[in-house]
Amino acid sequence: MQQKTLNIHQEILDAKSRGQKLLAILLDPDKIFLENVDKLILKINQSPATHIFVGGSIVQATILEELIAQLKQKTNLPVVIFPGDPSQISPQADAILFLSLLSGRNPDYLIEYQVQAAPILKKTNLEVISTGYILIESGNETAVARISKTKPLNRENFDLVLATAQAGEMLGNKLMYLEAGSGAKNPVPLKMIELIAQNIEIPMIVGGGITDLKGIQNAYKAGADLVVIGTAFENDTHFFEQKQIKERHND
């Protein structure tokens, strides 16, 4: 069993207090071939990423453990599980986002999978980070909506999204995650990010539908504390080979 050496939640809090923006690359094991992992890790190490998230809505591949093991061996970045269900738990990672799908009313994603995961997590040294997960309508059906059998919140109903985020904060979530979904047609509206950022105290993660460096910058400016890039990096591992994003992290 690995030794717990990081406090990832505290590091995110500290970064927020300093105004430092964070960036996670999301890796879906179903979209990765182990023979390409070394090249992938090289690109990650050359990027400005501060975290690696691993997981997906389904994850049928059997490479999860090996992928995390190689990431831990060949990068210095914290590896955080972003699970679709309890089968995606690996004790080799550093932490897990303990997600509750606040935007939906499917009890499996509000509490049932969490109940199933709890005894498994108790046997690991994973840092468990309670995270409110809010799916925002993005112009097309995403894997999250399809698998969870829940409808995303209307992207124009700012009041409902704000109330949902505030309820999640009051319930004790340590992070709030606004998600447009993998391969989303449209990202989370910038005005929505700004509204939520101004009205909750906990750090906010934003992901889905961000396809370029300007999108990352805009999410930061609107108030995102941590931006997640998945599909864009999958489609182009040279995504970060531009100076703008590196300069943003050096501000």
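## What counts as a pocket

A pocket here is an open set of grid points where a 1.4 Å probe fits, with protein on both sides within 12 Å along at least five of seven lines. The volume of a pocket is the space filled by probe spheres set on its points. This is a predicted model, so keep in mind that totals for linings use all residues.

## The second largest pocket

By that reckoning, the second largest pocket holds about 250 Å³ of space. Its lining takes in Leu27, Lys31, Ile32, Phe33, Asn36, Val37, Lys39, Leu40, Lys43, Phe233, Glu234 and Thr237. Sorted by character, these come out as six nonpolar, two polar and four charged residues.

Two helices, H2 (37-46) and H9, each bring at least two residues to this lining. H2 has the largest share, at four residues.

## The largest pocket

Now for the largest pocket, with a volume of about 780 Å³. A total of 47 residues line it, and the ones nearest its centre are Gly56, Ser57, Phe82, Tyr133 and Val144. Two or more lining residues come from each of these elements: strands E4 (95-101), E6 (175-179) and E8 (226-229), along with helices H4 (107-121), H5 (143-148) and H9 (231-235). The top contributor is E4, which gives six residues.

As for the chemistry of this lining, 25 residues are nonpolar, 16 are polar and six are charged.

## A helix on both lists

H9 is worth a second look: it gives two or more residues to the lining of the largest pocket, and it supplies at least two to that of the second largest pocket.

Notes:
Residues numbered from 1 in each chain as written. Predicted model: local features only at pLDDT ≥ 70, side-chain atom pairs only at ≥ 80, totals over all residues. Heavy atoms only, no water. 1 Å grid on protein atoms, 1.4 Å probe; cavity = no way out; pocket = protein on both sides within 12 Å on 5 of 7 lines; lining within 4 Å. Nonpolar A, V, L, I, M, F, W, Y, C, P; charged D, E, K, R; others polar.
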